[in-house]
Amino acid sequence: MRLKILLNAAGGSAGDADLPDRIAAAFARQGVTAEVASLPGDALQEAARAALEAGYDGVVAGGGDGTINAVASVLAGSGRPFGVLPLGTLNHFAKDLGMPLKLDEAAAVIAAGATRPVDVAEVNGRIFVNNSSVGLYADMVADRDRRRRQRGWRKGPAMAIAAWRAFRRFTRRRLVVRAEGQQQELRSPLVFIGNNLYETSLPRPGTRCALDRGELCLCVTKHQSRLGLLRMGLRAMLGRLREERDLVYSSVTAVEIDSRLPVLRVSFDGEVTTMQPPLRYRSLPGELLVFAPKSQG
């Protein structure tokens, strides 16, 4: 097996100068040739396309969910296996896939060669593997990234300040949500769309039990006050969200979000961009072939 490993040079783990050598050595111990490249984030997709053309047996992304998204969006639909080395802070996709979080163990899973198809989701042509949102969280990510660019802040402190600023402003957007033949006009601080259903209660809040059911998780926050939103956030951390109190929560295969605004700020997998409404979301079942533990197949 010959693999191409792509790292985000700006990522926290990728800042370790020894990391490429340690990754190559971990795969070598499994009898796999791994060519490791550490690149700027905006070069990852081009490198992934080049790896496909070069005929590697698989392409592996090492980093957080933004790095995973960049490479997975190129591999989706290609039929070539995609691998994940969980080198980020949260590693949502890797955890939901069942990947071990230690480098040597993750390399062993990928080297074993077992694969399974999983879903990806799409919004106006942009692929995401975890989730997307409109409103409060997208504003927070944009503010966080601006502070990191301008002041060189680390991600954690920048996000904490961005969350406080978003909470103080508490912007609610007038949106039209169309799904499953129904239309709803609403005013909400946050609309969340997940690639497959997310758990909202204990023991695994914020995780997915399946990545291959061909569905989107549509969540619309009901709360219209700062205090209500704060209480919801606390219940979310405790795994005690109540759908009848906190959320409009449903499973759909496609959803359209419209607005009178000329553009909407949209987050996906920890990144943020602006898009012209309507935002058209859909599930793409089985589009991504991934290396995964055999027990997850």
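Helices and strands are here DSSP runs, numbered from the N terminus. The structure described below is a predicted model.

**Backbone features in loops**

The loop between strand 15 (271-275) and strand 16 (279-291) contains P278. The peptide bond that leads from P277 to P278 is cis, and its omega is near 10°.

Two residues other than glycine with a positive phi, N91 and E180, are set out in the table.

| Residue | Phi | Loop | Relative accessibility |
|---|---|---|---|
| N91 | near 55° | between strand 4 (82-86) and helix 4 (92-97) | 8% |
| E180 | near 55° | between strand 8 (173-179) and strand 9 (182-188) | 53% |

Is each residue buried or exposed? Buried means under 20% relative accessible area, and exposed means over 50%. N91 therefore counts as buried, at 8%, whereas E180 is exposed because its relative accessible area is 53%.

**The second largest pocket**

Strand 8 and strand 9, which flank the loop of E180, each supply at least two residues to the lining of the second largest pocket. Which strand gives the most to this lining? Strand 8 does, with five residues.

The space in this pocket is about 260 Å³. Its lining includes R172, R173, R174, L175, V176 and R178, and also E185 and L186. D258, S259, R260 and L261 belong to the lining as well. Sorted by class, the lining residues comprise seven charged, four nonpolar and one polar.

Definitions and conventions
Residues are numbered from 1 along each chain as its sequence is written. This is a predicted model: local features need pLDDT of at least 70, side-chain atom pairs count only at pLDDT 80 or more; totals for chains, interfaces and linings use all residues. Side-chain values use heavy atoms; hydrogens and water are left out. Helices (H or I, at least four residues) and strands (E, at least two) are DSSP runs, numbered from the N terminus. Buried means under 20% relative accessible area, exposed over 50%, partly exposed in between (1.4 Å probe, protein chains only). On a 1 Å grid over the protein atoms alone, a cavity is a set of points where a 1.4 Å probe fits but cannot get out, and a pocket is an open set with protein on both sides within 12 Å along at least five of seven lines; lining residues have an atom within 4 Å of a point. Grid points are joined across faces, edges and corners, and a volume is the space filled by probe spheres set on the points. Ala, Val, Leu, Ile, Met, Phe, Trp, Tyr, Cys and Pro count as nonpolar, Asp, Glu, Lys and Arg as charged, and the others, Gly among them, as polar.
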